[in-house]
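This briefing goes through one molecular structure by topic. Please keep the sequence and the 3D view open while reading.

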Amino acid sequence: MENMFNFADELGPSKIIHIYEPAVGLKGILVVDNIAMGPSIGGLRIAPDVSVNECFRLARAMTLKNAAAGLPHGGGKMVVYGDPNMPLQQKQLIVRAAAASLRNQEAYIFGPDMGTNEECMAWVRDENGRSVGLPRELGGIPLDEIGATAWGLMHASNVALNYLDFKLPGSRVVIQGFGSVGKHSAKFLRDQGALIVAVNDSRGTIYNKEGLDIEALFELKLAGKSVIDFSGGESLEQDAIIDIDCEIWIPAARPDVINEQNVERLTTKLIVQGANIPITEGAEKQLFERGILCVPDFIANAGGVICGAMEYKGSTQQVVMTTIAEKISTNTKAVLEISTLENIQPREAAIKMATERIKKAMSMRRWSLFSSAPHFI
Ligand code: NAD
């Protein structure tokens, strides 16, 4: 039996709840981490094998991301055990049961994550009224369709360039992963004059030193094909994406893809982290020592959660895009300034900045986390 207080530190978590409903085969865990800034927002993940520890780490990542983005929200995460590809009817029962059983847990607002989508968020809203990432018909802003996270990455890249010796027009960009984050990043950066020389997906890498045709790649993916089915480039192994010389490298696929075993192979000047935790701690330290600038994930990829938080308050797409640009630019600048001034890694600077904000919010509470105000956790 894990002792839940093993996770307790100066920030949280404030609650860990296990839920069980045998009638529909529901087993789940909710971690509500720090909520000094307001009710937590975090994804509902359906997965066969997430430990309480992992759920806590994901909730903490959301605490830092939401605080760094200056949102009036804390961090939380929910995991429901099961196959993410289970039949839709079964998924609906389980998601509805999870949402209903947590109806009174006002400290947690559900968001989409691995195994859940807009439709699932509509079921949650129907059960307890608290979800973001809704379908357009329910007032949602489809963050993947509009490229909310990639829009933020593009602005983070622009700010980071002030600390480097090259300009975006004509620079070579390599992107790992060509899903929602990867493909929109390719488009936004190409529109600003960058050359997207290589992208990959789970089947392989496509490379063209003159720059790839992004619209053609969008069409291929829409048709359910892989980027390696594109004839306008040289197709390479999936892993070759790490070896391609470039000025900007963007991870937009899986966690831990760059680690101590392969980090030496990267030849780039700037890494803007689209995926969550794409680089291990040790590898990121080595990059810092080699002078390769990394904009950390929870600063660069906050566009999605900013969109969700604003949707919750009834905002519009246009206002959301302007806010993402403004927030991510300001935060990237603040983090890179602290990092330069104190000669510390940007991630360390980002954690420091977010933690200071959280502690300030905690100091304004009667207790450090809880508020007794109605409708305000
Ligand atoms: P997605 O499922 O739309 O796309 C993932 C892409 O990665 C696909 O093209 C897939 O083929 C590819 N892929 C999978 N395994 C790969 C591998 N080993 N090597 C290369 N490519 C691989 O996902 P997404 O929404 O674009 O998210 C990508 C990453 O960004 C995830 O880590 C996610 O947690 C993170 N993220 C996403 C958002 C968002 O708004 N969608 C926000 C913050 C963080």
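The points below cover the cores, the ligand shell, one helix, one loop residue and some backbone geometry.

The model is a predicted one. Its largest nonpolar core has 97 residues, and a ligand has 21 residues around it. Helix α10 is mostly covered.

**Nonpolar cores**

- Within the largest nonpolar core, of 97 residues, the most contacts belong to Met78, Phe110, Val199, Leu217, Leu270 and Val272.
- Helix α12, spanning residues 346–363, gives the most to this core, with 7 residues.
- A second core, separate from the largest, has 18 residues, among them Val174, Val197, Cys246 and Ala283.
- Beyond its neighbours within four places in sequence, Leu270 is in contact with residues including Ser157, Ala160, Leu161, Leu164 and Phe166.
- Leu270 is also in contact with Glu247, Ile248 and Trp249, and with Ile292, Leu293 and Val295.

**Ligand shell**

- Of the 21 residues around the ligand, those that come nearest are Asp144, Thr149, Ser180, Val181 and Ala253.
- By class, this shell is made up of 6 nonpolar, 11 polar and 4 charged residues.
- At least two shell residues come from each of α4 (143–146), α6 (180–191) and β7 (195–201).
- The side chain of Asp144 has an N or O atom 3.0 Å from a nitrogen atom of the ligand.
- For Thr149, a polar side-chain atom lies 2.6 Å from a ligand oxygen atom.
- Asn276 has an N or O atom in its side chain at 3.2 Å from an oxygen atom of the ligand.
- On its own the ligand has 830 Å² of accessible area, of which the protein covers 71%.

**Helix α10**

- Helix α10 runs over residues 303–312, and 9 of its 10 residues are buried.
- The buried residues are Gly303, Gly304, Val305, Ile306, Cys307, Gly308, Ala309, Met310 and Glu311.
- Their cover includes the strand β3 (40–47) and the helices α1 (52–68), α4, α5 (148–160) and α11.
- Gly314, just after α10, takes a positive phi of about 80°.

**Tyr163 and its surroundings**

- Tyr163 sits in the loop between α5 and β6 (172–176).
- With a relative accessible area of 32%, Tyr163 is partly exposed.
- Setting aside residues up to four places away in sequence, Tyr163 touches Leu293, Lys333, Leu336, Glu337 and Thr340.
- Tyr163 and Glu337 are 174 residues apart in sequence, while their C-alpha atoms are 9.4 Å apart in space.

**Backbone geometry**

- Most peptide bonds are trans, and most residues other than glycine have a negative phi.
- The peptide bond from Gly12 to Pro13 is cis, with omega near 0°.
- Pro13 is found in the segment before β1 (15–21).
- Ile277, which is not a glycine, has a positive phi of about 35°.
- Ile277 lies in the loop between β11 (270–272) and α8 (281–289), and this residue is partly exposed, with a relative accessible area of 36%.
- Asn343 also has a positive phi, near 50°, and is a residue other than glycine.
- The loop between α11 (317–342) and α12 holds Asn343, which is exposed at a relative accessible area of 60%.

How values were computed
Residues numbered from 1 in each chain as written. Predicted model: local features only at pLDDT ≥ 70, side-chain atom pairs only at ≥ 80, totals over all residues. Heavy atoms only, no water. Core = buried A, V, L, I, M, F, W, Y, C linked by side-chain atoms within 4.5 Å. Buried < 20%, exposed > 50% of the residue type's maximum accessible area, 1.4 Å probe, protein only. Helix = DSSP H or I, 4+ residues; strand = E, 2+ residues; numbered from the N terminus. Contact = heavy atoms within 4.5 Å. Near = heavy atom within 4 Å. Polar contact = N/O pair within 3.5 Å; in protein donor to acceptor, adjacent residues only side chain to side chain. Areas by Shrake-Rupley, 256 points an atom, 1.4 Å probe, with all protein chains shown as cover. Nonpolar A, V, L, I, M, F, W, Y, C, P; charged D, E, K, R; others polar.
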